[in-house]
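Welcome, and please open your viewer. We will take a short walk, one selection at a time.

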Amino acid sequence: MMPAARVRLKRAKGRTRSSAAWLTRQLNDPYVAAAKRLGYRCRAAFKLIEIDDRLRLLKPGCRVVDLGCSPGGWTEVAALRAAAAQGRGLVVGIDLVETEPVPGATLLRGDFRDPATAAAIKEALGSRADLVLSDMAARATGHRRTDQLRALALAEDAFLFAQEVLEPGGSFVVKVFQGGAEGPLLAQLKRAFVELRHVKPRASRAGSAETYLVAKGFRGSS
Ligand SMILES: C[S@@+](CC[C@H](N)C(=O)[O-])C[C@H]1O[C@@H](n2cnc3c(N)ncnc32)[C@H](O)[C@@H]1O
């Protein structure tokens with residue numbers, strides 16, 4: 001992606017230093033510009049596009065669960081590539097906050113760890129899923145170790161849920177934060193899936209510790 005001329009904010013008047021820094025970053029972010037140009041609702045869409053272009057997870061007709069789907073960039077990509085709006089594939093998204101409608105996707109609101117919400121996801125799915133995505137992030141506390149542990153707990157819960165709904169042969173994508181003691185999770189993923197890859201998409205900000213684990217070939221729940 002070609003870098004455009006850099007925009008500088010002349011004054012940060014009325015803004016805190018961190019919101020001015022955020023705005024400057026947004027204005028200079030080629031993925032924000034590309035998302036606008038191509039009609040995706042957020043730059044996060046490009047992370048899934050890159051993961052899928054490399055590892056071929058989404059196919060027309062596939063059934064997808066998108067955990068932590070709001071604002072809906074990944075859901076848009078999944079619905080498009082699964083041909084959900086054409087009634088071929090199926091995408092079920094869930095988030096703690098409301099997600100604006102995405103053509104072809106069923107969007108739910110709640111915590112996927114709540115048994116009633118988990119049951120609603122399974123009902124919307126109707127049968128097993130080919131792919132479970134988790135780009136979930138817990139609200140940051142500012143305390144590094146606490147945030148790492150929370151992120152890891154969320155990834156582990158996503159993995160437990162994926163095992164309940166995945167079709168044998170299915171795939172699982174989960175965001176983790178490097179340095180988050182993800183060792184035991186890696187070992188469990190290696191046992192449960194035939195193949196495990198680490199992917200840091202270019203659209204993932206270089207300074208961010210986030211990275212994605214992509215597990216393919218689910219061996220089936222025992
Ligand atoms: C980085 S955003 C996801 C962005 C999304 N992939 C996209 O492309 O638009 C992370 C989301 O995870 C959601 N989340 C965090 N914990 C959750 C939980 N327990 N259940 C459902 N959603 C959760 C947050 O509300 C937040 O909207």
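Start by selecting proline 60. Leaving aside residues up to four places away in sequence, proline 60 touches Ala82, Ala83, Arg88 and Gly89; two residues are in contact if their C-beta atoms, placed from the backbone, lie within 7 Å. Before going further, note that this is a predicted model: local features need pLDDT of at least 70, side-chain atom pairs count only at pLDDT 80 or more, and totals for chains, interfaces and linings use all residues. Residues are numbered from 1 along each chain as its sequence is written.

**Around proline 60**

Proline 60 sits in the loop between α3 and β1 (63–67). Helices (H or I, at least four residues) and strands (E, at least two) are DSSP runs, numbered from the N terminus. Is proline 60 buried or exposed? Proline 60 counts as exposed because it has 12 C-beta neighbours inside 10 Å. The cut-offs are these: a residue is buried if 20 or more other C-beta atoms lie within 10 Å of its own, exposed if 12 or fewer, and partly exposed in between, with C-beta atoms placed from the backbone. Now add glutamine 86 to your selection: proline 60 and glutamine 86 are 26 residues apart in sequence, and their C-alpha atoms are 9.5 Å apart in space.

In the loop between α3 and β1 you can also pick arginine 56. Its phi is positive, near 50 degrees, in a residue other than glycine. Arginine 56 follows α3, and it is exposed, with 10 other C-beta atoms within 10 Å.

**Helix α3**

Next, select residues 45–55, helix α3. Which residues are buried in helix α3? They are Ala45, Phe46, Lys47, Leu48, Ile49, Ile51 and Asp52. To see what covers the buried residues of α3, show elements including α2 (30–38), α4, β5 (166–177), β6 (193–199) and β7 (210–218).

**Where α3 meets α4**

Keep α3 on screen and add α4 (73–81). Two packed helices are described by the angle between their axes and the distance between the axes. The axes of α3 and α4 come within 7 Å and cross at roughly 40 degrees. Here, axes are lines fitted to C-alpha atoms, for helices over the stretch in contact, and angles run from 0 to 180 degrees between N-to-C directions. That crossing angle makes α3 oblique to α4; angles under 35 degrees count as roughly parallel, over 145 as roughly antiparallel, 65 to 115 as roughly perpendicular and the rest as oblique. The crossing of α3 and α4 is right-handed. A crossing is left-handed if the near helix is turned anticlockwise from the far one by less than a right angle, and right-handed if clockwise.

Colour the contact: Ala45, Leu48, Ile49 and Asp52 in α3 meet Gly73, Trp74, Glu76, Val77 and Arg81 in α4. These residues of the contact of α3 with α4 divide into 5 nonpolar, 1 polar and 3 charged. Ala, Val, Leu, Ile, Met, Phe, Trp, Tyr, Cys and Pro count as nonpolar, Asp, Glu, Lys and Arg as charged, and the others, Gly among them, as polar.

**Helix α4 and its ends**

Stay with α4. It is largely enclosed by the rest of the structure, because 8 of its 9 residues are buried. Those buried in α4 are Gly73, Trp74, Thr75, Glu76, Val77, Ala78, Ala79 and Leu80. Their cover includes α3, β1, β2, β3 (105–109) and β4 (129–134).

Just after α4, click on alanine 83, which takes a positive phi of about 55 degrees. Alanine 83 lies in the loop between α4 and β2. With 17 C-beta neighbours inside 10 Å, alanine 83 counts as partly exposed.

Now go to proline 71, in the loop between β1 and α4. A cis peptide bond joins serine 70 and proline 71, with omega about 5 degrees.

**The ligand**

Select the ligand and its surroundings. Which of the 22 residues around the ligand come nearest? They are Ala44, Gly68, Gly73, Trp74 and Asp135; a residue is near a molecule or strand if its C-beta atom, placed from the backbone, lies within 6 Å of it. Both α4 and β2 (90–95) supply at least two residues each to the shell around the ligand. The residues of that shell divide into 14 nonpolar, 4 polar and 4 charged.

**Last stop: α6 and α7**

Finally, select helix α6 (residues 144–165) and helix α7 (residues 183–192), whose axes come within 11 Å and cross at roughly 15 degrees. The two helices, α6 and α7, are therefore roughly parallel to each other. α6 passes α7 in a left-handed crossing.
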